[in-house]
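Good morning, colleagues. I would like to take a few minutes to walk through one model. Please look at the sequence and the structure as they come up.

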Amino acid sequence: MKRLVDTVLGLLFAQVCCVRGMDVAQNPPALSLQEGASSTLWCNFSTFPDSMQWYLQNPRGHLTHLFSVPSGTRQDGRLNATTVPKERHSSLHISSLRTTDSGTYFCAAQHGAPQAPAAST
């Protein structure tokens with residue numbers, strides 16, 4: 001008997017210091033899938049980013065960086081992320097879902113060089 005895997009897509013995470021003037025939309029907003037199934041998550045953006053980031057926050061709140069994909073495809077095991085800047089979208093495909101894939105997935109558009117935090121004295 002297959003157990004349900006709750007893969008929930010949460011609110012979009014954006015690097016505010018680096019994404020001024022860029023709209024980013026993530027869909028679908030929520031999924032409930034069976035173990036062993038596959039799914040693709042989409043992130044669409046209004047302008048060309050320098051790179052797209054994908055993150056997973058597990059149900060305990062631990063945030064994991066999955067991919068940084070400026071262009072093309074990156075794969076790590078069952079996860080496959082693709083960014084097509086000219087078409088202004090990125091996707092994250094997860095095959096053979098497991099219960100450990102449950103959590104909130106975030107995409108983030110990085111525009112410009114990342115900035116170091118300001119030092120205080």
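**An all-strand chain**

Reading from the N terminus, the elements of the protein chain follow the order β-β-β-β-β-β-β-β-β-β. In other words, the chain has 10 strands and zero helices. I should say at once that this is a predicted model, and I will therefore begin with confidence, because where pLDDT is low, the predicted coordinates should not be read in detail.

The mean pLDDT of the protein chain is 74, with 71% of the residues at 70 or more. Over residues 1-20, the pLDDT is below 50, although this stretch has 63 contacts in the model beyond near neighbours in sequence. At the other end, residues 114-121 also stay under 50, and there the model has two contacts beyond four places in sequence. Among the elements, strand β1, residues 4-9, has the lowest mean pLDDT, at 33, while strand β7, residues 72-76, has the highest, at 95.

A few totals for the chain come next. It has 121 residues, of which 36% count as buried. The exposed area is about 7,200 Å², and carbon and sulfur atoms supply 53% of that area. If we take contacts between residues at least 6 apart in sequence, 60% of them join residues at least 24 apart.

Let me turn to the sheet. In what order do the strands of the five-stranded open sheet lie? The order is β2-β4-β9-β8-β7, with antiparallel pairing. Strands β2, residues 24-27, and β7 are the edges, each pairing on one side only. Ignoring direction, neighbouring strands in this sheet are turned by 15° against each other on average.

Within that sheet, β4 and β9 are joined in the antiparallel sense over six bridges. One position to find on the display is W42, whose bridge partner in β9 is S91. Further along the sheet, β7 and β8 run antiparallel and are joined by five bridges. Here D76 stands opposite L79 in β8. These two strands form a hairpin with two residues between them, and G77 in the turn has a positive phi of about 65°.

A second hairpin deserves a place beside the one just described. It is made by β5 and β6, with five residues between the strands, and G61 in the turn has a positive phi of about 100°. Strand β5 covers residues 51-57 and strand β6 covers residues 63-69; their antiparallel pairing extends over six bridges. Across this pair, L56 stands opposite T64 in β6.

Positive phi values also occur at two residues that are not glycines. R88 has a positive phi of about 55°. Its place is in the loop between β8, residues 79-84, and β9, residues 89-94. S96 has a positive phi of about 45°, and S96 lies in the loop between β9 and β10, the latter spanning residues 103-110. Are these two residues buried, partly exposed or exposed? R88 is partly exposed, because its relative accessible area is 39%. S96 likewise counts as partly exposed, because its relative accessibility is 38%.

I come now to the interior. In soluble globular proteins, nonpolar side chains tend to be buried together. The largest nonpolar core in this model has 20 residues, and W54, L66, F67, L92 and Y105 touch the most other members. Strands β3 (residues 31-34), β4, β5, β6, β8, β9 and β10 each supply at least two residues of this core.

What does F67 touch, leaving out residues up to four places away in sequence? The list is M52, Q53, W54, R74, Q75, D76, L79, N80, A81 and L92. Two of these, D76 and L79, have already appeared opposite each other in the hairpin of β7 and β8.

My last residue is S39, which lies in strand β4, residues 39-45. S39 counts as buried because its relative accessibility is 12%, and the cut-off for that term is under 20%. Beyond its neighbours within four places in sequence, S39 is in contact with L31, L33, L92, H93, I94 and L97. L92 is thus a residue to locate on the display: L92 is in contact with S39, and L92 is also touched by F67.

Methods:
Residues numbered from 1 in each chain as written. Predicted model: local features only at pLDDT ≥ 70, side-chain atom pairs only at ≥ 80, totals over all residues. Heavy atoms only, no water. Pairing = 2+ DSSP bridges. Helix = DSSP H or I, 4+ residues; strand = E, 2+ residues; numbered from the N terminus. Buried < 20%, exposed > 50% of the residue type's maximum accessible area, 1.4 Å probe, protein only. Contact = heavy atoms within 4.5 Å. Areas by Shrake-Rupley, 256 points an atom, 1.4 Å probe, with all protein chains shown as cover. pLDDT = per-residue confidence, 0-100. Axes fitted to C-alpha atoms, helices over the stretch in contact; angles between N-to-C directions. Core = buried A, V, L, I, M, F, W, Y, C linked by side-chain atoms within 4.5 Å.
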